[in-house]
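The following exercises are meant to be worked through with the model open beside the text. Try each task before reading the solution beneath it.

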Amino acid sequence: MTDNSNTTAPQPLSIWQKLNEWVNAVANPGQFLKYSSVILPWLGGLAVLGLITGLYWAFFITPVEEEMGKTVLIMFVHVPAAWISQMCYVLIAASSFGLLVWRHPLADVSAKAAAPIGAIITFLCLVTGSLWGRPDWGTYWQWDLRMTSVLVLFFLYIGLITLRNAIDEEVQAGKVTAILALVGVVLLPVIKWSVEWQQSALHQKAGIIRGEVSVDYLIPLLIMALSYTALFFYLHMKAMRAEIYRRRTVAQQRRLAYNALKDEQQPNSE
Amino acid sequence: MSAFYALLKRDILLSLREGGTIGIALGFNLIVVSILPLGLGPDMNLLNQIAPGALWVTLLLSLLLSLDRIFLNDYEEGTLELMVHGPLPLEMVGVAKALAHWLTVGVPLSLMTPVMGLLMNLSPEQFGILTLAALIGTPALSFIGAIGAALTLGLKRGGLLLPLLILPFFIPTLIFGVSATTGFLFASGNFESSLALLAAITLSAIALAPFPIAWALRFNLS
(Lines give C-alpha, C1' and ligand atoms only; values in the text may rest on other atoms or scores of the structure.)
Protein backbone atom coordinates (compact mmCIF):
# COMPACT_ATOMS: atom_id res chain seq x y z
CA MET A 1 0.00 0.00 0.00
CA THR A 2 2.64 2.47 1.07
CA ASP A 3 4.68 1.47 -1.92
CA ASN A 4 1.75 2.17 -4.22
CA SER A 5 0.95 5.54 -2.72
CA ASN A 6 4.58 6.52 -2.97
CA THR A 7 4.72 5.82 -6.66
CA THR A 8 1.33 7.31 -7.49
CA ALA A 9 1.55 10.45 -5.37
CA PRO A 10 3.70 12.52 -7.74
CA GLN A 11 1.90 11.24 -10.80
CA PRO A 12 -1.25 13.41 -10.81
CA LEU A 13 0.94 16.48 -10.89
CA SER A 14 3.06 15.25 -13.75
CA ILE A 15 0.01 14.12 -15.71
CA TRP A 16 -1.58 17.47 -15.08
CA GLN A 17 1.57 19.18 -16.24
CA LYS A 18 1.72 16.99 -19.30
CA LEU A 19 -1.93 17.65 -20.04
CA ASN A 20 -1.39 21.35 -19.61
CA GLU A 21 1.58 21.26 -21.90
CA TRP A 22 -0.31 19.13 -24.35
CA VAL A 23 -3.26 21.52 -24.36
CA ASN A 24 -0.97 24.47 -24.81
CA ALA A 25 1.06 22.80 -27.50
CA VAL A 26 -1.64 21.08 -29.51
CA ALA A 27 -5.17 22.34 -28.89
CA ASN A 28 -4.85 25.83 -30.27
CA PRO A 29 -2.32 24.99 -32.96
CA GLY A 30 -4.74 22.21 -34.04
CA GLN A 31 -7.43 24.81 -34.43
CA PHE A 32 -4.99 26.89 -36.41
CA LEU A 33 -4.21 23.96 -38.71
CA LYS A 34 -7.91 23.59 -39.42
CA TYR A 35 -8.74 27.14 -40.37
CA SER A 36 -5.44 27.83 -42.08
CA SER A 37 -6.02 24.90 -44.44
CA VAL A 38 -9.21 26.67 -45.57
CA ILE A 39 -7.62 30.10 -45.91
CA LEU A 40 -4.34 29.06 -47.55
CA PRO A 41 -5.58 28.31 -51.11
CA TRP A 42 -7.47 31.60 -51.19
CA LEU A 43 -4.43 33.56 -50.05
CA GLY A 44 -2.21 31.79 -52.58
CA GLY A 45 -4.68 32.38 -55.40
CA LEU A 46 -5.05 36.03 -54.45
CA ALA A 47 -1.27 36.47 -54.36
CA VAL A 48 -0.68 34.88 -57.78
CA LEU A 49 -3.61 36.65 -59.41
CA GLY A 50 -2.65 39.97 -57.83
CA LEU A 51 1.01 39.73 -58.82
CA ILE A 52 0.10 38.92 -62.44
CA THR A 53 -2.49 41.71 -62.64
CA GLY A 54 -0.30 44.26 -60.91
CA LEU A 55 2.78 43.54 -63.00
CA TYR A 56 0.77 43.46 -66.24
CA TRP A 57 -0.83 46.77 -65.32
CA ALA A 58 2.48 48.33 -64.42
CA PHE A 59 4.29 47.10 -67.53
CA PHE A 60 1.66 47.49 -70.23
CA ILE A 61 -1.15 49.81 -69.12
CA THR A 62 0.68 52.49 -67.13
CA PRO A 63 2.23 55.10 -69.46
CA VAL A 64 6.03 55.28 -69.42
CA GLU A 65 7.32 57.98 -67.07
CA GLU A 66 9.16 60.78 -68.86
CA GLU A 67 11.85 61.62 -66.36
CA MET A 68 12.79 58.26 -64.94
CA GLY A 69 11.90 56.09 -67.93
CA LYS A 70 11.53 52.36 -67.55
CA THR A 71 13.43 52.21 -64.29
CA VAL A 72 10.35 53.46 -62.48
CA LEU A 73 8.94 49.96 -62.93
CA ILE A 74 11.30 48.83 -60.18
CA MET A 75 9.11 50.81 -57.82
CA PHE A 76 6.37 48.21 -58.13
CA VAL A 77 8.59 45.52 -56.63
CA HIS A 78 10.58 47.79 -54.34
CA VAL A 79 7.99 49.82 -52.46
CA PRO A 80 5.69 46.93 -51.45
CA ALA A 81 8.78 45.02 -50.25
CA ALA A 82 9.70 47.98 -48.03
CA TRP A 83 6.20 48.04 -46.59
CA ILE A 84 6.07 44.30 -45.96
CA SER A 85 9.53 44.27 -44.38
CA GLN A 86 8.28 46.67 -41.71
CA MET A 87 4.91 44.97 -41.30
CA CYS A 88 6.70 41.66 -40.77
CA TYR A 89 8.76 43.12 -37.95
CA VAL A 90 5.63 44.48 -36.29
CA LEU A 91 4.14 40.99 -36.58
CA ILE A 92 7.23 39.43 -35.00
CA ALA A 93 7.18 41.98 -32.19
CA ALA A 94 3.47 41.37 -31.53
CA SER A 95 4.05 37.60 -31.54
CA SER A 96 6.99 38.00 -29.17
CA PHE A 97 4.88 40.09 -26.84
CA GLY A 98 2.18 37.42 -26.98
CA LEU A 99 4.72 34.74 -26.18
CA LEU A 100 6.24 36.55 -23.21
CA VAL A 101 2.97 37.76 -21.70
CA TRP A 102 0.52 34.91 -22.42
CA ARG A 103 3.09 32.16 -23.12
CA HIS A 104 1.11 31.07 -26.12
CA PRO A 105 3.12 28.51 -28.11
CA LEU A 106 1.45 29.54 -31.37
CA ALA A 107 2.93 33.03 -30.89
CA ASP A 108 6.39 31.48 -30.84
CA VAL A 109 5.62 29.50 -33.98
CA SER A 110 4.47 32.72 -35.63
CA ALA A 111 7.60 34.66 -34.64
CA LYS A 112 9.87 31.83 -35.75
CA ALA A 113 8.13 31.41 -39.10
CA ALA A 114 8.07 35.14 -39.87
CA ALA A 115 11.76 35.95 -39.31
CA PRO A 116 13.29 34.28 -42.41
CA ILE A 117 10.50 35.58 -44.64
CA GLY A 118 11.05 39.07 -43.30
CA ALA A 119 14.80 38.81 -43.83
CA ILE A 120 14.35 37.76 -47.46
CA ILE A 121 11.81 40.48 -48.21
CA THR A 122 14.04 43.09 -46.57
CA PHE A 123 16.94 41.83 -48.66
CA LEU A 124 14.74 42.10 -51.77
CA CYS A 125 13.92 45.66 -50.77
CA LEU A 126 17.62 46.52 -50.39
CA VAL A 127 18.63 44.93 -53.70
CA THR A 128 15.82 46.46 -55.76
CA GLY A 129 16.37 49.83 -54.11
CA SER A 130 20.04 49.70 -54.93
CA LEU A 131 19.34 48.70 -58.56
CA TRP A 132 16.83 51.53 -58.82
CA GLY A 133 19.21 54.01 -57.24
CA ARG A 134 21.98 53.42 -59.79
CA PRO A 135 20.20 54.86 -62.87
CA ASP A 136 18.29 57.50 -60.91
CA TRP A 137 20.84 58.92 -58.47
CA GLY A 138 23.95 57.53 -60.14
CA THR A 139 24.93 55.38 -57.18
CA TYR A 140 24.07 51.95 -55.89
CA TRP A 141 24.23 52.95 -52.27
CA GLN A 142 23.58 56.11 -50.36
CA TRP A 143 23.83 56.42 -46.57
CA ASP A 144 20.55 58.18 -46.21
CA LEU A 145 17.92 57.68 -43.58
CA ARG A 146 15.67 55.13 -45.20
CA MET A 147 18.35 52.94 -46.72
CA THR A 148 20.27 52.89 -43.46
CA SER A 149 17.25 52.01 -41.38
CA VAL A 150 16.23 49.22 -43.78
CA LEU A 151 19.79 47.90 -43.56
CA VAL A 152 19.62 47.96 -39.75
CA LEU A 153 16.27 46.17 -39.97
CA PHE A 154 17.95 43.52 -42.11
CA PHE A 155 20.71 43.11 -39.49
CA LEU A 156 18.07 42.72 -36.84
CA TYR A 157 16.34 39.94 -38.80
CA ILE A 158 19.68 38.17 -39.22
CA GLY A 159 20.29 38.57 -35.48
CA LEU A 160 16.90 37.06 -34.64
CA ILE A 161 17.48 34.07 -36.91
CA THR A 162 21.05 33.44 -35.71
CA LEU A 163 20.19 33.76 -32.04
CA ARG A 164 17.34 31.28 -32.38
CA ASN A 165 19.54 28.84 -34.26
CA ALA A 166 22.29 29.10 -31.67
CA ILE A 167 20.10 27.98 -28.75
CA ASP A 168 19.41 24.26 -28.73
CA GLU A 169 16.54 24.18 -26.28
CA GLU A 170 13.45 25.20 -28.21
CA VAL A 171 11.29 26.88 -25.55
CA GLN A 172 14.26 28.84 -24.25
CA ALA A 173 15.23 29.84 -27.80
CA GLY A 174 11.74 31.22 -28.39
CA LYS A 175 11.69 33.31 -25.23
CA VAL A 176 15.21 34.68 -25.57
CA THR A 177 14.62 35.60 -29.22
CA ALA A 178 11.38 37.30 -28.20
CA ILE A 179 13.31 39.55 -25.81
CA LEU A 180 15.66 40.54 -28.61
CA ALA A 181 12.68 41.31 -30.87
CA LEU A 182 11.13 43.56 -28.22
CA VAL A 183 14.43 45.33 -27.51
CA GLY A 184 14.60 45.92 -31.26
CA VAL A 185 11.14 47.47 -31.28
CA VAL A 186 12.24 50.02 -28.72
CA LEU A 187 15.58 50.75 -30.34
CA LEU A 188 14.66 50.75 -34.06
CA PRO A 189 12.81 54.10 -33.84
CA VAL A 190 15.69 55.54 -31.81
CA ILE A 191 18.20 54.37 -34.42
CA LYS A 192 16.05 55.70 -37.24
CA TRP A 193 15.58 59.01 -35.49
CA SER A 194 19.28 59.40 -34.74
CA VAL A 195 20.21 58.71 -38.36
CA GLU A 196 17.58 61.24 -39.42
CA TRP A 197 19.04 63.74 -36.99
CA GLN A 198 22.49 63.21 -38.42
CA GLN A 199 21.77 63.44 -42.09
CA SER A 200 19.85 65.61 -44.44
CA ALA A 201 17.96 63.11 -46.52
CA LEU A 202 18.62 62.68 -50.21
CA HIS A 203 15.91 60.09 -50.67
CA GLN A 204 12.53 61.24 -51.91
CA LYS A 205 9.97 61.48 -49.13
CA ALA A 206 7.28 58.84 -48.95
CA GLY A 207 5.09 59.99 -51.80
CA ILE A 208 1.89 58.07 -51.20
CA ILE A 209 0.85 60.00 -48.12
CA ARG A 210 1.40 63.36 -49.75
CA GLY A 211 -0.63 62.32 -52.77
CA GLU A 212 2.06 63.05 -55.33
CA VAL A 213 1.92 59.73 -57.12
CA SER A 214 -0.50 59.83 -60.03
CA VAL A 215 -3.43 57.46 -60.28
CA ASP A 216 -1.74 55.64 -63.18
CA TYR A 217 0.90 54.46 -60.72
CA LEU A 218 -1.20 54.29 -57.62
CA ILE A 219 -3.59 51.56 -58.80
CA PRO A 220 -0.97 49.00 -59.85
CA LEU A 221 1.12 49.91 -56.80
CA LEU A 222 -1.78 49.21 -54.47
CA ILE A 223 -2.53 45.97 -56.32
CA MET A 224 1.11 44.98 -55.86
CA ALA A 225 1.04 45.92 -52.19
CA LEU A 226 -2.10 43.88 -51.66
CA SER A 227 -0.68 40.83 -53.40
CA TYR A 228 2.62 41.16 -51.52
CA THR A 229 0.61 41.14 -48.31
CA ALA A 230 -1.32 38.08 -49.46
CA LEU A 231 1.91 36.40 -50.48
CA PHE A 232 3.50 37.20 -47.14
CA PHE A 233 0.64 35.76 -45.14
CA TYR A 234 0.50 32.75 -47.45
CA LEU A 235 4.19 32.01 -46.82
CA HIS A 236 3.86 32.80 -43.14
CA MET A 237 0.91 30.43 -42.66
CA LYS A 238 2.60 27.75 -44.68
CA ALA A 239 5.78 28.07 -42.59
CA MET A 240 3.75 28.05 -39.38
CA ARG A 241 2.00 24.85 -40.44
CA ALA A 242 5.32 23.25 -41.29
CA GLU A 243 6.70 24.30 -37.91
CA ILE A 244 3.68 22.92 -36.06
CA TYR A 245 3.99 19.61 -37.90
CA ARG A 246 7.71 19.53 -37.17
CA ARG A 247 7.16 20.10 -33.46
CA ARG A 248 4.49 17.41 -33.39
CA THR A 249 6.83 14.98 -35.09
CA VAL A 250 9.57 15.72 -32.60
CA ALA A 251 7.16 15.27 -29.70
CA GLN A 252 5.93 11.99 -31.16
CA GLN A 253 9.45 10.71 -31.66
CA ARG A 254 10.26 11.53 -28.05
CA ARG A 255 7.13 9.77 -26.84
CA LEU A 256 7.97 6.69 -28.92
CA ALA A 257 11.52 6.65 -27.63
CA TYR A 258 10.27 7.04 -24.07
CA ASN A 259 7.75 4.20 -24.46
CA ALA A 260 10.33 1.96 -26.05
CA LEU A 261 12.68 2.64 -23.17
CA LYS A 262 9.94 1.91 -20.62
CA ASP A 263 9.04 -1.38 -22.35
CA GLU A 264 12.65 -2.41 -22.29
CA GLN A 265 13.10 -1.58 -18.64
CA GLN A 266 9.93 -3.21 -17.32
CA PRO A 267 10.94 -6.92 -17.74
CA ASN A 268 14.27 -6.18 -16.08
CA SER A 269 12.76 -4.63 -13.00
CA GLU A 270 10.29 -7.44 -12.38
CA MET B 1 21.07 48.38 -1.12
CA SER B 2 24.07 47.00 0.73
CA ALA B 3 23.76 43.83 -1.33
CA PHE B 4 23.95 45.99 -4.43
CA TYR B 5 27.14 47.71 -3.29
CA ALA B 6 28.64 44.41 -2.18
CA LEU B 7 28.01 42.93 -5.63
CA LEU B 8 29.34 46.03 -7.36
CA LYS B 9 32.48 46.02 -5.23
CA ARG B 10 33.00 42.29 -5.76
CA ASP B 11 32.68 42.59 -9.54
CA ILE B 12 35.05 45.53 -9.73
CA LEU B 13 37.60 43.79 -7.51
CA LEU B 14 37.34 40.59 -9.49
CA SER B 15 37.95 42.22 -12.82
CA LEU B 16 40.75 44.41 -11.43
CA ARG B 17 42.58 41.47 -9.91
CA GLU B 18 41.94 39.27 -12.90
CA GLY B 19 43.38 41.95 -15.10
CA GLY B 20 42.80 40.36 -18.46
CA THR B 21 39.63 42.17 -19.50
CA ILE B 22 40.83 45.74 -19.13
CA GLY B 23 44.23 44.98 -20.60
CA ILE B 24 42.71 43.34 -23.67
CA ALA B 25 40.25 46.18 -24.24
CA LEU B 26 42.90 48.88 -23.91
CA GLY B 27 45.46 46.96 -25.94
CA PHE B 28 42.98 46.23 -28.69
CA ASN B 29 41.95 49.88 -28.84
CA LEU B 30 45.58 51.02 -29.02
CA ILE B 31 46.48 48.53 -31.75
CA VAL B 32 43.49 49.30 -33.95
CA VAL B 33 44.09 53.05 -33.67
CA SER B 34 47.78 52.57 -34.53
CA ILE B 35 46.95 50.35 -37.47
CA LEU B 36 44.48 52.82 -38.99
CA PRO B 37 47.09 55.42 -40.06
CA LEU B 38 49.18 52.63 -41.54
CA GLY B 39 46.22 51.57 -43.65
CA LEU B 40 45.20 55.08 -44.64
CA GLY B 41 48.66 56.45 -45.23
CA PRO B 42 50.27 59.06 -42.97
CA ASP B 43 48.25 62.03 -44.23
CA MET B 44 47.95 64.08 -41.03
CA ASN B 45 45.08 66.24 -42.30
CA LEU B 46 43.02 63.22 -43.29
CA LEU B 47 43.66 61.62 -39.90
CA ASN B 48 42.53 64.76 -38.16
CA GLN B 49 39.37 64.86 -40.24
CA ILE B 50 38.34 61.28 -39.56
CA ALA B 51 39.55 61.19 -35.94
CA PRO B 52 36.15 61.49 -34.18
CA GLY B 53 34.48 58.77 -36.24
CA ALA B 54 37.48 56.45 -36.20
CA LEU B 55 38.02 56.82 -32.46
CA TRP B 56 34.36 56.18 -31.66
CA VAL B 57 34.20 53.09 -33.86
CA THR B 58 37.35 51.63 -32.28
CA LEU B 59 35.94 52.48 -28.85
CA LEU B 60 32.77 50.50 -29.64
CA LEU B 61 34.75 47.54 -30.91
CA SER B 62 37.10 47.48 -27.93
CA LEU B 63 34.22 47.63 -25.50
CA LEU B 64 32.43 44.88 -27.41
CA LEU B 65 35.32 42.48 -26.82
CA SER B 66 34.77 42.39 -23.08
CA LEU B 67 30.96 42.33 -23.02
CA ASP B 68 30.53 38.57 -22.77
CA ARG B 69 32.59 38.65 -19.56
CA ILE B 70 29.82 40.51 -17.70
CA PHE B 71 27.93 37.32 -16.83
CA LEU B 72 30.04 34.49 -18.20
CA ASN B 73 32.33 33.75 -15.22
CA ASP B 74 29.49 33.81 -12.71
CA TYR B 75 27.39 31.68 -15.02
CA GLU B 76 30.05 29.03 -15.40
CA GLU B 77 30.81 28.67 -11.70
CA GLY B 78 27.13 28.81 -10.70
CA THR B 79 27.20 32.08 -8.75
CA LEU B 80 24.64 33.57 -11.10
CA GLU B 81 22.21 30.79 -10.17
CA LEU B 82 22.52 31.89 -6.55
CA MET B 83 21.96 35.52 -7.47
CA VAL B 84 18.70 34.61 -9.19
CA HIS B 85 17.42 33.23 -5.88
CA GLY B 86 19.19 35.82 -3.74
CA PRO B 87 17.70 38.84 -1.94
CA LEU B 88 18.67 41.36 -4.59
CA PRO B 89 16.16 41.73 -7.47
CA LEU B 90 17.63 40.34 -10.67
CA GLU B 91 17.19 43.73 -12.31
CA MET B 92 19.51 45.24 -9.72
CA VAL B 93 22.01 42.41 -10.25
CA GLY B 94 22.00 43.44 -13.91
CA VAL B 95 22.53 47.10 -12.98
CA ALA B 96 25.41 46.25 -10.63
CA LYS B 97 27.14 44.09 -13.22
CA ALA B 98 26.68 46.52 -16.10
CA LEU B 99 27.86 49.37 -13.88
CA ALA B 100 30.91 47.35 -12.82
CA HIS B 101 31.64 46.68 -16.48
CA TRP B 102 31.46 50.38 -17.25
CA LEU B 103 33.69 51.31 -14.34
CA THR B 104 36.32 48.72 -15.21
CA VAL B 105 36.24 48.91 -19.03
CA GLY B 106 34.28 51.97 -20.15
CA VAL B 107 36.04 54.45 -17.87
CA PRO B 108 39.62 53.29 -18.64
CA LEU B 109 38.82 53.30 -22.36
CA SER B 110 37.43 56.83 -22.07
CA LEU B 111 40.45 58.02 -20.13
CA MET B 112 42.69 56.53 -22.82
CA THR B 113 41.11 58.69 -25.55
CA PRO B 114 43.71 61.50 -25.26
CA VAL B 115 46.42 59.02 -26.21
CA MET B 116 44.33 57.89 -29.14
CA GLY B 117 43.67 61.50 -30.09
CA LEU B 118 47.43 62.08 -30.10
CA LEU B 119 47.87 59.25 -32.58
CA MET B 120 45.14 60.73 -34.77
CA ASN B 121 46.76 64.18 -34.91
CA LEU B 122 44.38 66.02 -32.59
CA SER B 123 45.74 68.93 -30.58
CA PRO B 124 45.77 68.75 -26.75
CA GLU B 125 42.96 71.29 -26.28
CA GLN B 126 40.72 68.94 -28.25
CA PHE B 127 41.28 65.96 -25.95
CA GLY B 128 38.82 67.20 -23.33
CA ILE B 129 35.70 66.91 -25.42
CA LEU B 130 36.78 63.47 -26.62
CA THR B 131 37.08 62.13 -23.07
CA LEU B 132 33.93 63.89 -21.92
CA ALA B 133 31.81 62.50 -24.77
CA ALA B 134 33.24 59.03 -24.21
CA LEU B 135 32.49 59.17 -20.48
CA ILE B 136 28.91 60.27 -21.15
CA GLY B 137 28.32 57.78 -23.96
CA THR B 138 29.95 54.55 -22.78
CA PRO B 139 27.49 53.69 -19.95
CA ALA B 140 24.82 53.16 -22.61
CA LEU B 141 27.15 50.71 -24.36
CA SER B 142 27.69 48.74 -21.15
CA PHE B 143 23.98 48.58 -20.34
CA ILE B 144 22.79 47.73 -23.87
CA GLY B 145 25.70 45.33 -24.22
CA ALA B 146 24.69 43.61 -20.98
CA ILE B 147 21.35 42.76 -22.65
CA GLY B 148 23.27 40.99 -25.39
CA ALA B 149 25.51 39.26 -22.85
CA ALA B 150 22.45 38.01 -20.97
CA LEU B 151 20.77 36.85 -24.19
CA THR B 152 23.77 34.86 -25.40
CA LEU B 153 24.58 33.42 -21.98
CA GLY B 154 25.78 29.85 -22.10
CA LEU B 155 25.93 29.59 -25.88
CA LYS B 156 28.90 27.85 -27.37
CA ARG B 157 29.53 30.65 -29.85
CA GLY B 158 28.01 33.36 -27.67
CA GLY B 159 31.07 35.56 -27.85
CA LEU B 160 30.90 35.59 -31.64
CA LEU B 161 27.15 36.08 -31.78
CA LEU B 162 27.14 39.03 -29.40
CA PRO B 163 28.60 41.66 -31.78
CA LEU B 164 26.13 40.64 -34.47
CA LEU B 165 23.18 41.19 -32.16
CA ILE B 166 24.38 44.26 -30.31
CA LEU B 167 26.35 46.45 -32.73
CA PRO B 168 23.22 47.81 -34.50
CA PHE B 169 21.93 48.98 -31.12
CA PHE B 170 25.10 51.01 -30.58
CA ILE B 171 24.30 53.23 -33.56
CA PRO B 172 22.53 56.05 -31.64
CA THR B 173 25.42 56.38 -29.17
CA LEU B 174 27.90 56.31 -32.04
CA ILE B 175 26.04 59.01 -33.99
CA PHE B 176 25.62 61.42 -31.09
CA GLY B 177 29.09 60.75 -29.75
CA VAL B 178 30.68 61.51 -33.11
CA SER B 179 28.46 64.50 -33.67
CA ALA B 180 29.33 65.99 -30.29
CA THR B 181 33.02 65.48 -30.94
CA THR B 182 33.03 66.84 -34.50
CA GLY B 183 30.72 69.67 -33.44
CA PHE B 184 33.33 70.83 -30.97
CA LEU B 185 36.43 70.10 -33.06
CA PHE B 186 35.34 71.65 -36.34
CA ALA B 187 32.75 74.05 -34.95
CA SER B 188 30.06 72.43 -37.09
CA GLY B 189 26.68 72.18 -35.49
CA ASN B 190 25.74 72.52 -31.87
CA PHE B 191 27.88 70.19 -29.79
CA GLU B 192 26.05 70.90 -26.51
CA SER B 193 22.78 69.53 -27.87
CA SER B 194 24.61 66.44 -29.16
CA LEU B 195 26.08 65.91 -25.71
CA ALA B 196 22.65 66.32 -24.15
CA LEU B 197 21.18 63.74 -26.53
CA LEU B 198 24.09 61.41 -25.84
CA ALA B 199 23.32 61.73 -22.14
CA ALA B 200 19.62 61.12 -22.86
CA ILE B 201 20.45 57.86 -24.65
CA THR B 202 22.66 56.80 -21.77
CA LEU B 203 20.05 57.59 -19.11
CA SER B 204 17.30 55.81 -21.04
CA ALA B 205 19.55 52.78 -21.46
CA ILE B 206 20.27 52.69 -17.72
CA ALA B 207 16.57 53.00 -16.92
CA LEU B 208 15.24 50.46 -19.42
CA ALA B 209 17.97 47.87 -20.00
CA PRO B 210 17.76 46.16 -16.55
CA PHE B 211 14.36 44.66 -17.41
CA PRO B 212 15.34 42.74 -20.58
CA ILE B 213 18.59 41.78 -18.81
CA ALA B 214 16.64 40.22 -15.93
CA TRP B 215 14.18 38.46 -18.28
CA ALA B 216 16.99 37.02 -20.36
CA LEU B 217 18.87 35.83 -17.26
CA ARG B 218 15.74 34.15 -15.92
CA PHE B 219 14.99 32.39 -19.19
CA ASN B 220 18.56 31.28 -19.66
CA LEU B 221 18.94 29.96 -16.12
CA SER B 222 15.61 28.19 -15.65
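Helices and strands are here DSSP runs, a helix being a run of H or I with at least four residues and a strand a run of E with at least two, and both are numbered from the N terminus. The model is a predicted one.

**Exercise 1.** Determine how many helices and strands chain B has, and work out how its overall dimensions relate to its length.

*Solution.* Begin with the inventory: chain B has 11 helices and zero strands, and its pattern, read along the sequence, is accordingly α-α-α-α-α-α-α-α-α-α-α. Next, take the radius of gyration, which is 18 Å for chain B and close to the 17 Å that the globule rule gives for 222 residues, so the chain is as compact as a globular protein of that length. Along its principal axes, the C-alpha trace of chain B spans about 55 × 35 × 30 Å. Finally, turn to the interior, where buried residues make up 49% of the 222 residues in chain B; of the contacts in this chain with a separation of 6 or more, 80% join residues 24 or more positions apart.

**Exercise 2.** Describe the side of chain B that touches chain A, giving the elements that contribute to it and the character of its residues.

*Solution.* First count the participants: 20 residues of chain B are in contact with 21 residues of chain A. Then assign them to elements, and two or more residues on the chain B side come from each of α7 (127-151), α8 (158-166), α9 (171-185) and α11 (210-221) of chain B. Sorting the residues of this side by character gives 17 nonpolar, two polar and one charged.

**Exercise 3.** Establish which residues of α8(B) are buried, and where they lie around the helix.

*Solution.* A residue counts as buried if 20 or more other C-beta atoms lie within 10 Å of its own. In α8(B), the buried residues are Gly158(B), Leu161(B), Leu162(B), Leu165(B) and Ile166(B). Viewed down the axis of α8(B), these buried residues fall within an arc of 115 degrees, and therefore they line one face of the helix. Their packing partners are α5 (145-166) and α6 of chain A, together with α7 of chain B.

**Exercise 4.** Characterise the packing of α4(A) with α6(A).

*Solution.* Start with the geometry: α4 (residues 105-137) and α6 (residues 170-198) of chain A pack at an angle of about 65 degrees, with their axes 10 Å apart, and the crossing is left-handed. The contact involves Asp108(A), Ala111(A) and Lys112(A) from α4(A), and Gly174(A), Thr177(A), Ala178(A) and Ala181(A) from α6(A). By character, the residues of this contact divide into three nonpolar, two polar and two charged.

Definitions and conventions: Residues numbered from 1 in each chain as written. Chains lettered and ligands numbered in written order. Predicted model: local features only at pLDDT ≥ 70, side-chain atom pairs only at ≥ 80, totals over all residues. Nonpolar A, V, L, I, M, F, W, Y, C, P; charged D, E, K, R; others polar. Rg over C-alpha atoms; globule rule 2.2 N^0.38 Å. Buried ≥ 20, exposed ≤ 12 C-beta atoms within 10 Å, placed from the backbone. Contact = placed C-beta atoms within 7 Å. Axes fitted to C-alpha atoms, helices over the stretch in contact; angles between N-to-C directions. Left-handed = near helix turned anticlockwise from the far one by under 90°. Arc of directions from axis to C-beta.
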